[in-house]
Amino acid sequence: MPNNIRNSHASRPARLVQDIVDKAKTVPNDLSVKEALDEMKTRQTSSSLVTNRRGELLGTVSKNVMNRMVGGRGHDPRTEAVKAQVEAVKAECFEDQTLAEAENLMRKARVTEIAVVSRGKFLVGTTNLETIARQKDDVASPPPNDSKI
């Protein structure tokens with residue numbers, strides 16, 4: 001291959017997670033369990049990321065665990081704080097990590113979606129394996145040849 005012809009993929013910088021992050025819907029940690037469950041029901045989701053008022057990622061909550069740990073033990077979900085039900089996030093990545101690094105973290109944790117945080121641990125959003133795969137397909141596909149013969 002002549003020196004003046006370069007592989008276009010080799011000259012491209014690695015894509016970063018911050019380029020494909022989706023906005024995350026969260027539950028504030030100062031809600032009651034009932035309020036959190038109502039919010040999750042409205043969103044039609046069974047789990048949610050939890051942040052504090054400053055936007056720092058604290059963890060995650062799930063409908064099943066909250067129902068079992070609060071209602072199943074006779075506690076009042078209207079007065080029980082959601083922050084007592086927060087569990088550690090299975091996987092998270094930094095917004096300035098590459099897509100390959102994020103994909104590797106998700107595969108190791110056996111999750112399809114990952115929380116994206118800043119280096120200060122503030123929640124930026126989420127991304128998932130499907131979005132990363134689409135980005136790989138976009139890079140792998142050469143642009144259409146518009147020249148006419």
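In this predicted model, strands E4 and E5 (residues 113–117) run parallel to each other and are joined by three bridges. One spot where the pairing can be picked out is glutamate 92, which sits opposite alanine 115 of E5. The two strands belong to an open, three-stranded sheet ordered E4-E5-E6, and the pairing in that sheet is mixed. E4 (92–94) and E6 (123–128) take the edges; each has a single partner strand, so one side of each goes without a neighbour in the sheet. There is some turn between the strands here: neighbours are rotated by 35° against each other on average, ignoring direction. Helix H4, made up of residues 99–109, lies across E4, E5 and E6, and its direction is at about 130° to that of E5.

Now for the other sheet. E1, E2 and E3 line up in that order, again as an open sheet of three strands with mixed pairing. E1 and E3 are the edge strands here, each pairing on one side only. Neighbouring strands in this sheet are turned by 40° on average, once more with direction ignored. E1 and E2 run parallel and are linked by three bridges, and proline 28 has threonine 51 in E2 as its bridge partner. Helix H2 packs on this sheet, where it touches E1, E2 and E3, and H2 makes an angle of about 160° with the direction of E1.

H2 itself (residues 33–43) has a neat layout. Its buried residues are Val33, Ala36, Leu37 and Met40. These cover an arc of only 100° around the axis, which puts them on the same side of H2. As for what they pack against, the list takes in strand E1 (26–28), strand E2 (47–51) and strand E3 (57–62), plus helix H3 (63–69). Just after H2 comes glutamine 44, with a positive phi, near 55°.

A word on how far to trust all this. The average pLDDT for the protein is 87, and 84% of the residues score at least 70. Residues 1–8 are another matter: their pLDDT is below 50, and the stretch has one contact in the model beyond near neighbours in sequence.

Key. Residues are numbered from 1 along each chain as its sequence is written. This is a predicted model: local features need pLDDT of at least 70, side-chain atom pairs count only at pLDDT 80 or more; totals for chains, interfaces and linings use all residues. Side-chain values use heavy atoms; hydrogens and water are left out. pLDDT is the predictor's confidence in each residue, from 0 to 100. Contact means heavy atoms within 4.5 Å. Two strands pair if DSSP finds at least two bridges between them. Helices (H or I, at least four residues) and strands (E, at least two) are DSSP runs, numbered from the N terminus. Axes are lines fitted to C-alpha atoms, for helices over the stretch in contact, and angles run from 0 to 180 degrees between N-to-C directions. Buried means under 20% relative accessible area, exposed over 50%, partly exposed in between (1.4 Å probe, protein chains only). The arc is that of the directions from the helix axis to the C-beta atoms.
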